[in-house]
Structures are given as structure tokens and as C-alpha cells.
Amino acid sequence: YPAEGVESRNKRSHHMCDLCDKVIIGDLEWMAHQKSKNHLYQVRKRRKVEQASDQDPNPTEHQNVSDRQVPVL
Ligand SMILES: [Zn+2]
């Protein structure tokens, strides 16, 4: 993501999450956010939208598979 690191001059790094429309302060918080359920939900939602344009009209079955690939901390 090219937008990353724009605010890296601040004391604590800011991370803008476009998917969640949220600003995350701190690298640890950012990493945690990227693994959070809320964020992963937004990621999947976004992917679904992007793929929906040129995919078959039955993407529901693939989604259940990708749910299981998310690593749990
Ligand atoms: Zn997010």
C-alpha cells in the first residue's frame, strides 16, 4: 500500500485504514487492527465487491473457504 508511511514523521506512526475509514496510531495497534475481525470483514467485503464485477454470480461458496484461512492469534 503506497499510502503507508506518509505520517511516519510523527512520534507515533499513524496508519490510515481506507477499508475501515479509520486512523490507527501506533505500529502495534496497526498490526492488531489488521488482524481484527472488523478489518478482516471489511477486507472480505471489499474483495467481494471487486470480484463481483467479473465473477460468476455465485461467490458464496468461496467465502466459507477463505474464512478458515485467516490465522488466529
Ligand atoms: Zn481496517
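User: In which helix does Val43 lie?
Analyst: This is a predicted model, in which local features need pLDDT of at least 70, side-chain atom pairs count only at pLDDT 80 or more, and totals for chains, interfaces and linings use all residues. Residues are numbered from 1 along each chain as its sequence is written. Helices (H or I, at least four residues) and strands (E, at least two) are DSSP runs, numbered from the N terminus. On that basis, Val43 lies in helix α2.

User: Is Val43 buried or exposed, or partly exposed?
Analyst: A residue is buried if 20 or more other C-beta atoms lie within 10 Å of its own, exposed if 12 or fewer, and partly exposed in between, with C-beta atoms placed from the backbone. Val43 has 16 other C-beta atoms within 10 Å, so the residue is partly exposed.

User: How far apart in space are Val43 and Cys20, C-alpha to C-alpha?
Analyst: In sequence, Val43 and Cys20 are 23 residues apart. In space, their C-alpha atoms are separated by 8.7 Å.

User: Which span should helix α2 have at 1.5 Å a residue?
Analyst: The expected span of a helix is 1.5 Å times one less than its number of residues. Helix α2 covers residues 37-52, which is 16 residues, and its end C-alpha atoms are 22 Å apart. This agrees with the expected span, which is 22 Å.

User: What is the count of buried residues in α2?
Analyst: Helix α2 is hardly covered. Arg46, which lies in this helix, is exposed because 12 other C-beta atoms are within 10 Å. Among the 16 residues of α2, the count of buried residues is zero.

User: Arg46 and Leu19 are how many Å apart in space, C-alpha to C-alpha?
Analyst: The two residues Arg46 and Leu19 are 27 residues apart in sequence. Their C-alpha separation in space is 7.5 Å.

User: In which sense do strands β1 and β2 pair?
Analyst: Two strands pair if DSSP finds at least two bridges between them. Strand β1 (residues 14-17) and strand β2 (residues 22-25) have four bridges. Within this pairing, Met16 stands opposite Val23 in β2. The sense of the pairing is antiparallel.

User: How far apart in space are His14 and Ile25, C-alpha to C-alpha?
Analyst: His14 lies in strand β1 and counts as partly exposed because 17 C-beta neighbours are inside 10 Å. His14 and Ile25 are 11 residues apart in sequence, and their C-alpha distance is 4.5 Å.

User: Which residue takes a positive phi in the hairpin of β1 and β2?
Analyst: The hairpin has four residues between the strands, and the positive phi is near 55 degrees. The residue is not a glycine and is placed in the loop between β1 and β2. It is exposed, with 8 other C-beta atoms within 10 Å. The residue is Asp21.

User: Where does UniProt place the feature "domain: Zinc finger double-stranded RNA binding"?
Analyst: UniProt positions are given in the numbering used here, feature names are shortened, and annotations may be inferred rather than shown by experiment. Over the annotated stretch the chain is 46% helix and 31% strand, with end C-alpha atoms 16 Å apart. The UniProt record, an unreviewed entry, places the feature at residues 14-39.

User: Which helix has the lowest confidence in the protein?
Analyst: pLDDT is the predictor's confidence in each residue, from 0 to 100. The protein averages a pLDDT of 78, and 59% of the residues score at least 70. Confidence is highest in helix α1 (residues 27-35), at 96, and lowest, at a mean of 58, in helix α3 (residues 60-67).
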